[in-house]
Amino acid sequence: MNNKTPLLPVHVISGFLGSGKTTLLKSVLASEDFGDSAVLINEFGEVGLDNRLLGSIAEDAVLLSNGCVCCTIRGELSDALRRLLSQRQEGLIPAFKRIVLETTGLADPGPIASTITADPVLRHHLRPGTNVTLVDALNASTSREQFPVWEAQVAVADTLVISKTDLINESEISDVQNLLDTINPAARRLGAEALGQPSDLLFASSPHLQSFTPSEAKSWLGPWRRVTTANSHDHLNEVSSFRLNFEGEIDWTCLGIWLSMLLNRHGSNILRVKGVLYVMGDNRPVILHGVQHTIHPPEHVEHWPEDDRCSELIFITRGINADRVTDSLNAFMRQVSDHPSPRILHA
């Protein structure tokens, strides 16, 4: 970013009902390196903060002993974020460096990014940060079958934290891991150790939070775990993931137009797209990141590793397969630009 004042990241903790979001949030709030944070939650009582309150500093805000400002969400998220920024600017609350938002268990975290980027005030102060999703290992299969929002929460995650593994056996844990592989094979994955991990590391997997070295540019895409059972895609509500690999330079302008049209038409079913691109006329890798209808401003790395200038895009979609996406891309590009045809790599 070239802004004189850095944009503040909005990190999101999501997960289905009972998955352990509050437990993780308590761990984050206890972290010394996250003392200069603002936390948005639905109700103070649900987080059990009473033993750490210093007192009320506004109608809907309290100050914790570690310096965090904790606010309740009343009404629209955009209103809560604007109110936080206004109170910060007026000196009514301590200056914070980041916002941590805990969603409700039934919320799709995807629209949070569009709330920030579409609001003319918010987008000049805030940027989407890291999405951390809690997955209840005991009830993952049932939640996935009954509630489509569970898949959306998993799909948008930069980091998946698997909870309650102590309540199931090794075979069942393997089934949960494989289920996650079919939806989001590139997400960083943690278990109970997430509770003891420094908060700055827990939320360090977004492209907007770090300056990449050339060797780190590709590593941001994450691991690509392969599905290990034949029936992994059964009854997955048509959610699938695939990776596109491009040999050669990409026309950035044309790709951007095509992707904008794709998301405008099918954004609700493009749950996640992320990539590292080698574009024509630029020796810097371009980091691309989008959730549903929203594409974040691209990030640039200083230069490529000498031996790897291959572009990759990762998609997580609902009801739209890899062939349909690549056919659309190739048909558009052939009309306007010389463009390498992608090779499809499935999970």
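Helix α6 has a long list of buried residues: Val-149, Trp-150, Glu-151, Ala-152, Gln-153, Val-154 and Ala-155. That makes seven of its eight residues buried, so to speak of α6 as mostly covered is fair. Here, buried means under 20% relative accessible area, exposed means over 50%, and partly exposed is anything in between, worked out with a 1.4 Å probe on protein chains only. Helices (H or I, at least four residues) and strands (E, at least two) are DSSP runs, numbered from the N terminus.

A quick word on what you're looking at. This is a predicted model, where local features need pLDDT of at least 70, side-chain atom pairs count only at pLDDT 80 or more, and totals for chains, interfaces and linings use all residues. Residues are numbered from 1 along each chain as its sequence is written, and side-chain values use heavy atoms, with hydrogens and water left out.

Now for the overall picture. The chain has 11 helices and 16 strands, and buried residues make up 54% of its 347 residues. A contact means heavy atoms within 4.5 Å. Of the contacts in the chain with a separation of 6 or more, 76% come from residues 24 or more positions apart.

Next, the aromatic rings. A pair of aromatic rings is described by the distance of the centres and the angle of the planes. Rings of Phe, Tyr and Trp (its six-membered ring) pair if their centres lie within 6.5 Å; planes under 30 degrees apart count as stacked, over 60 as edge-to-face and the rest as tilted. The structure holds two such pairs. In one of them, the rings of Phe-16 and Phe-147 have centres 4.8 Å apart and planes at 40°, so the pair is tilted. This pair links distant parts of the chain, 131 residues apart: Phe-16 is in the loop between β1 (8-15) and α1 (21-29), while Phe-147 is in the loop between α5 (140-146) and α6 (148-155). In the other pair, Phe-242 and Phe-315 have ring centres 5.4 Å apart and planes at 20°, so they are stacked. Phe-242 belongs to strand β10 (residues 239-246) and Phe-315 to strand β15 (residues 311-318), so the pair ties together parts that are 73 residues apart in sequence.

How covered are these four rings' residues? The table gives each one.

| Residue | Relative accessible area | Class |
|---|---|---|
| Phe-16 | 8% | Phe-16 is buried |
| Phe-147 | 33% | Phe-147 is partly exposed |
| Phe-242 | 1% | Phe-242 is buried |
| Phe-315 | 0% | Phe-315 is buried |

Another ring has a charge for company: Arg-88 lies over the face of Phe-96, at 5.1 Å from the ring centre. A charge sits over a ring if NZ of Lys or CZ of Arg is within 6 Å of the ring centre and within 35 degrees of the ring normal.

What about disulfides? A search of the whole structure finds zero, taking a disulfide to be a pair of cysteine sulfur atoms within 2.5 Å. As for cysteines, Cys-71 is buried at 3% relative accessible area, and Cys-310 is buried too, at 12%.

Helix α7 (residues 170-183) has 14 residues, which should span 20 Å at 1.5 Å a residue, and its end C-alpha atoms are 20 Å apart, which agrees. The expected span is 1.5 Å times one less than the number of residues. Among its buried residues are Ile-173, Val-176 and Asn-178. At the start of α7, a side-chain oxygen of Asn-169 comes to within 3.1 Å of the backbone nitrogen of Ser-171.

Helix α11 (residues 322-336) is home to Thr-326, which is buried, with a relative accessible area of 5%. Leaving aside neighbours within four places in sequence, Thr-326 is in contact with Leu-244, Pro-342 and Ile-344.

Finally, some backbone angles. Most residues other than glycine have a negative phi, and most peptide bonds are trans. Lys-164 is not a glycine, yet has a positive phi of about 65°. Lys-164 lies in the loop between β8 (159-163) and α7, and is partly exposed at 28% relative accessible area. Gln-292, also a residue other than glycine, has a positive phi near 50°. Gln-292 is found in the loop between β12 (286-291) and β13 (294-295), and is buried at 10%.

Definitions and conventions
A polar contact is a pair of N or O atoms within 3.5 Å; within protein, one must be able to donate a hydrogen and the other to accept it, and residues adjacent in sequence count only if both atoms are side-chain atoms.
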